[in-house]
Amino acid sequence: MKIIKRNETSADGIKIFDIELPSNYEKVRVNVFSDIHIGDPLCDIGYLQQRINRVKQMDNAVVILNGDLINNAIKNSVSDVYADIMTPHQQVNEVVRLFEPIKDKILFACDGNHETRTYKETGISPTEIIADKLGIPFTETTWYLFLAFGKNNGRDTRKTVYSFYGTHGSGGGSTIGSKMNRLTKIGNYSDADCIIHSHTHVPATFKEDTFRVDYRKRGITQITRTFVNTNAFLKFGGYGAVKGFSPSSKVQPEIILNGTKREIKVVI
């Protein structure tokens with residue numbers, strides 16, 4: 001997947017990515033990798049490698065790294081600093097090694113709460129180091145993405161553009177309902193075709209219609225927004241078992257965009 005154009009701006013503290021892909025793609029598959037927790041002994045490296053290999057084989061796939069790529073247990077964190085099987089430095093290098101083969105497909109990397117532990121203690125961002133080593137953009141917390149590709153209704157000069165709002169996230173509770181409430185609340189303050197949240201380790205998606213005000217026409221348009229919650233790459237045990245959480249499902253949502261008409265499908 002060749003990225004034709006990549007622009008970065010910011011507004012009100014939110015990073016905005018404007019990315020243009022080739023017009024000859026009828027569909028683009030967006031894969032979000034988050035909550036990998038490299039360094040945790042429960043990290044399912046085998047499953048992660050399968051997902052990376054699958055993306056590598058798909059010409060029309062792009063990737064977002066949405067936080068908690070490393071476990072990054074430190075002395076003042078909730079995680080057990082004595083349990084990690086790699087030092088934070090080794091964890092950073094392992095993420096770079098794993099994603100190096102698909103770095104040209106990665107749109108950007110976003111911080112997660114496990115990475116911000118180090119930033120709060122030292123002012124050093126592990127995610128920014130990972131992004132720098134892979135040669136990809138970096139954002140600290142929340143982000144907007146405009147992704148253009150295809151030919152809108154068959155026109156040669158106008159591409160179909162999709163908008164995304166995303167964050168690694170926080171909170172969420174222990175039940176599916178409370179986690180979906182967290183995802184829904186994001187839609188109360190963010191306007192986009194697709195809203196992405198991670199952190200809560202549950203693969204889920206739903207659609208919701210709302211009205212968008214059209215000031216030029218002095219009217220309203222009913223639109224459909226797609227909500228996506230991403231999963232983790234952890235085996236059962238540890239903190240999750242102690243707290244009574246269910247095992248993480250072995251699936252990851254994949255967002256499929258249509259390049260000729262405005263249509264978003266999510267496969268889980």
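**Exercise 1. Describe the hairpin of strand 1 and strand 2, then place it in its sheet.**

Step 1. Strand 1 and strand 2 form a hairpin with 2 residues between them. D12, in the turn, has a positive phi of about 55°. Helices (H or I, at least four residues) and strands (E, at least two) are DSSP runs, numbered from the N terminus. The model is predicted: local features need pLDDT of at least 70, side-chain atom pairs count only at pLDDT 80 or more, and totals for chains, interfaces and linings use all residues. Residues are numbered from 1 along each chain as its sequence is written, and side-chain values use heavy atoms, with hydrogens and water left out.

Step 2. The pairing of strand 1 with strand 2 (residues 14-20) is antiparallel and has 7 bridges. Two strands pair if DSSP finds at least two bridges between them. R6 has I19 in strand 2 as its bridge partner.

Step 3. The open sheet with the order 1-2-7-8-9-11-10 has 7 strands and mixed pairing. Strand 1 (5-11) and strand 10 (204-214) are at the edges with a single partner strand each, so one side of each has no neighbour in the sheet. On average, neighbouring strands of this sheet are turned by 20° against each other, direction ignored. Axes are lines fitted to C-alpha atoms, for helices over the stretch in contact, and angles run from 0 to 180 degrees between N-to-C directions.

**Exercise 2. Work out how strand 10 is joined to strand 11.**

Step 1. Strand 10 and strand 11 (residues 219-229) run antiparallel and are joined by 11 bridges.

Step 2. Two positions fix the register. E208 has R225 in strand 11 as its bridge partner, and F211 stands opposite Q222 in strand 11.

Step 3. The two strands form a hairpin with 4 residues between them, and R218 in the turn has a positive phi of about 55°.

**Exercise 3. Give the strand order of the 6-strand sheet and say which helices lie on its strands.**

Step 1. The 6 strands form an open sheet, ordered 6-5-4-3-12-13, with mixed pairing. Strand 6 and strand 13 (264-267) have a single partner strand each and stand at the edges, so one side of each lacks a neighbour in the sheet.

Step 2. Strand 12 (residues 254-258) pairs with strand 13 in the antiparallel sense over 4 bridges. The bridge partner of E254 in strand 13 is V267.

Step 3. Helix 1 lies across strand 3, strand 4 and strand 12, and runs at about 155° to strand 3. Helix 4 packs on the sheet and touches strand 4, strand 5 and strand 6; its direction makes about 160° with that of strand 5. Contact means heavy atoms within 4.5 Å.

**Exercise 4. Find the buried residues of helix 4 and helix 2, and what covers them.**

Step 1. In helix 4 (residues 126-134), the buried residues include P126, T127, I130, A131 and L134. Buried means under 20% relative accessible area, exposed over 50%, partly exposed in between (1.4 Å probe, protein chains only). Seen down the axis, the buried residues of helix 4 fall within an arc of 140°, so they line one face of the helix. The arc is that of the directions from the helix axis to the C-beta atoms.

Step 2. The cover over the buried residues of helix 4 includes strand 4 (61-65), helix 2 (88-99), strand 5 (106-110), helix 3 (113-122) and strand 6 (138-139). Just after helix 4, G135 takes a positive phi of about 75°.

Step 3. In helix 2, Q91, V92, E94, V95, V96, L98 and F99 are buried. Their cover includes strand 3 (27-33), helix 1 (45-57), strand 4, strand 5 and helix 4.

**Exercise 5. Characterise the surroundings of Y47.**

Step 1. Y47 is in helix 1. With 13% relative accessibility, Y47 counts as buried.

Step 2. Leaving aside residues up to four places away in sequence, Y47 touches F233, K250, V251 and Q252.

Step 3. Y47 and V95 are 48 residues apart along the chain, and their C-alpha atoms are separated by 14 Å.

**Exercise 6. Establish the state of C110 and C194.**

Step 1. A search of the whole structure finds 0 disulfides. A disulfide is a pair of cysteine sulfur atoms within 2.5 Å.

Step 2. For C110, which is in no disulfide, the nearest cysteine sulfur is that of C194, 15 Å away.

Step 3. C110 has 0% relative accessibility and counts as buried. C194, also at 0% relative accessibility, counts as buried.
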